[in-house]
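Biologist: Please show me the chain, and then let me ask what stands behind the labels used for it.

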Amino acid sequence: MRPRKIDRVAYYARGVAADIAPAALAGRQKDAIFRNLARAPLPRSIVDRVNYYNKLEPDRLLETPTRVRSIPREQSYYFYDLMPLAKAFGLDLHLSCLFGDITRIADQPSIVKSRPVAGDNANSVVMKLDSLRHFTIARDPIAFGQKLPSAVWRGGVGRLPHRMALVDRWGRDPRHDVGQVGGKIGSTARKPFLSPLEQMRHRYIISVEGADVATNLKWVLASNSLCLMPRPRYETWFMEGRLAPGVHYAELRADFEDLDETVDYYEKNP
């Protein structure tokens, strides 16, 4: 979801303020939180989430560490999400952080936005990074029964074969509104951009992973529409790996050939 200009301005204002604040102030806030935790331990559900994000065993060593004071600023959304938390432990703390769409398992213990769901991903410690882009949620004002009985998808295709498969199969279908935005890729022409609110007019919204996770997944699951998607391969702070088909979303085949069948089922079984 594209953040509004006012949301971006507010985000950067908070980020800059947190960046210039003394590290000692962040450290005192952290110490106060830890003292409160010592008196009242976290609920088991919170501990379970934290352990899911951070699966590291004690005493894992960094091979090429970076000091907190040297965290790169080029990708500002990542920097402003991580720095206020990291500086609370001291500017000379050593860590490793991998910014961007990470689809591989880190070679050393590293803070990441995304990681593969499968495999031994303990080195990849997930934090809520690039939060403005991934966790901006729009309210859905339309009840499910008042929506169009069809599926919708909009997104960039690039050279992503799974997105190309969706557009090639359903881009010309009159029942659903599936289309790529941006430059034309493949044989299917582009369609106009649709905002999340415009997509929410449909009962079924398709979510397809991009370079890593599907950016639209959070707001789709928060809407009154039903999310349709293949089983996720990557996860973020949203814990996509714990989403269950038939519980949180309706699962589609990787080739999307069962889109009509899936929509028909839920139309008969709303």
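Modeller: A residue counts as buried under 20% relative accessible area, as exposed over 50%, and as partly exposed in between. The model is predicted, and the values are computed from it.

Biologist: Why is L132 called buried?

Modeller: L132 has a relative accessible area of 8%. The cut-off for buried is under 20%, so L132 counts as buried. L132 is found in helix α5. Its C-alpha atom and that of R4 are separated by 9.8 Å, although the two residues are 128 apart along the chain.

Biologist: And what makes E240 buried?

Modeller: The relative accessibility of E240 is 1%, and the limit is 20%, so the label is buried. E240 lies in the loop between β11 and β12. From C-alpha to C-alpha, E240 and V117 are 8.1 Å apart in space, with their positions 123 residues apart in sequence.

Biologist: Which label does W237 get, and on what value?

Modeller: W237 has a relative accessible area of 29%. Buried needs under 20% and exposed needs over 50%, so W237 is partly exposed. For the chain as a whole, 44% of the 270 residues count as buried.

Biologist: Why is the pair of F135 and W237 called edge-to-face?

Modeller: Two numbers are needed, because a pair of aromatic rings is described by the distance of the centres and the angle of the planes. The centres of the F135 and W237 rings are 5.4 Å apart, and a pair requires centres within 6.5 Å. The planes stand at 85 degrees, and an angle over 60 counts as edge-to-face. So the pair is edge-to-face.

Biologist: What does the pair of F135 and W237 tie together?

Modeller: F135 is in the loop between α5 (131–134) and β7 (148–155), and W237 is in the loop between β11 (234–235) and β12 (250–251), so the pair ties together parts that are 102 residues apart in sequence. The structure holds twelve aromatic pairs. One aromatic cluster is formed by Y11, Y12, Y77, F79 and Y80.

Biologist: How do you know that K55 lies over the face of Y52?

Modeller: K55 is at 5.0 Å from the ring centre of Y52. The distance limit is within 6 Å, and the charge must also be within 35 degrees of the ring normal. K55 is listed as lying over the face of Y52, so both conditions are met. R169 lies over the face of W170 too, at 3.9 Å from the ring centre.

Biologist: What makes β7 largely enclosed?

Modeller: Six of the eight residues of β7 are buried, so the strand is largely enclosed by the rest of the structure.

Biologist: How do you know that β7 pairs with β8 and with β9?

Modeller: Pairing needs at least two bridges between two strands. β7 and β8 (residues 177–180) have four bridges, in the parallel sense, and W153 stands opposite V178 in β8. Three bridges join β7 to β9 (residues 202–206), again parallel, and A151 stands opposite Y204 in β9. Both counts reach the required two, so β7 pairs with both strands.

Biologist: Why are β8 and β12 called edge strands?

Modeller: The open sheet has five strands in the order β8-β7-β9-β10-β12, with parallel pairing. β8 and β12 each have a single partner strand, so one side of each is left without a neighbour in the sheet.

Biologist: What is the strand order in the sheet that holds β4?

Modeller: That open sheet has three strands in the order β3-β4-β6, and the pairing is parallel. β3 (97–98) and β6 stand at the edges with a single partner strand each, so one side of each lacks a neighbour in the sheet. Three bridges join β4 to β6, and S110 stands opposite S124 in β6.

Biologist: What makes up the lining of the largest pocket?

Modeller: The lining divides into 28 nonpolar, six polar and six charged residues. The volume of the pocket is about 1,300 Å³. Of its 40 lining residues, L85, A86, F89, I111 and M127 lie nearest the centre. α2 gives the most to the lining, with seven residues.

Conventions
Residues numbered from 1 in each chain as written. Predicted model: local features only at pLDDT ≥ 70, side-chain atom pairs only at ≥ 80, totals over all residues. Heavy atoms only, no water. Phe/Tyr/Trp six-rings, centres within 6.5 Å; stacked < 30°, edge-to-face > 60°. Buried < 20%, exposed > 50% of the residue type's maximum accessible area, 1.4 Å probe, protein only. 1 Å grid on protein atoms, 1.4 Å probe; cavity = no way out; pocket = protein on both sides within 12 Å on 5 of 7 lines; lining within 4 Å. Points joined across faces, edges and corners; volume = space filled by probe spheres on them. Nonpolar A, V, L, I, M, F, W, Y, C, P; charged D, E, K, R; others polar.
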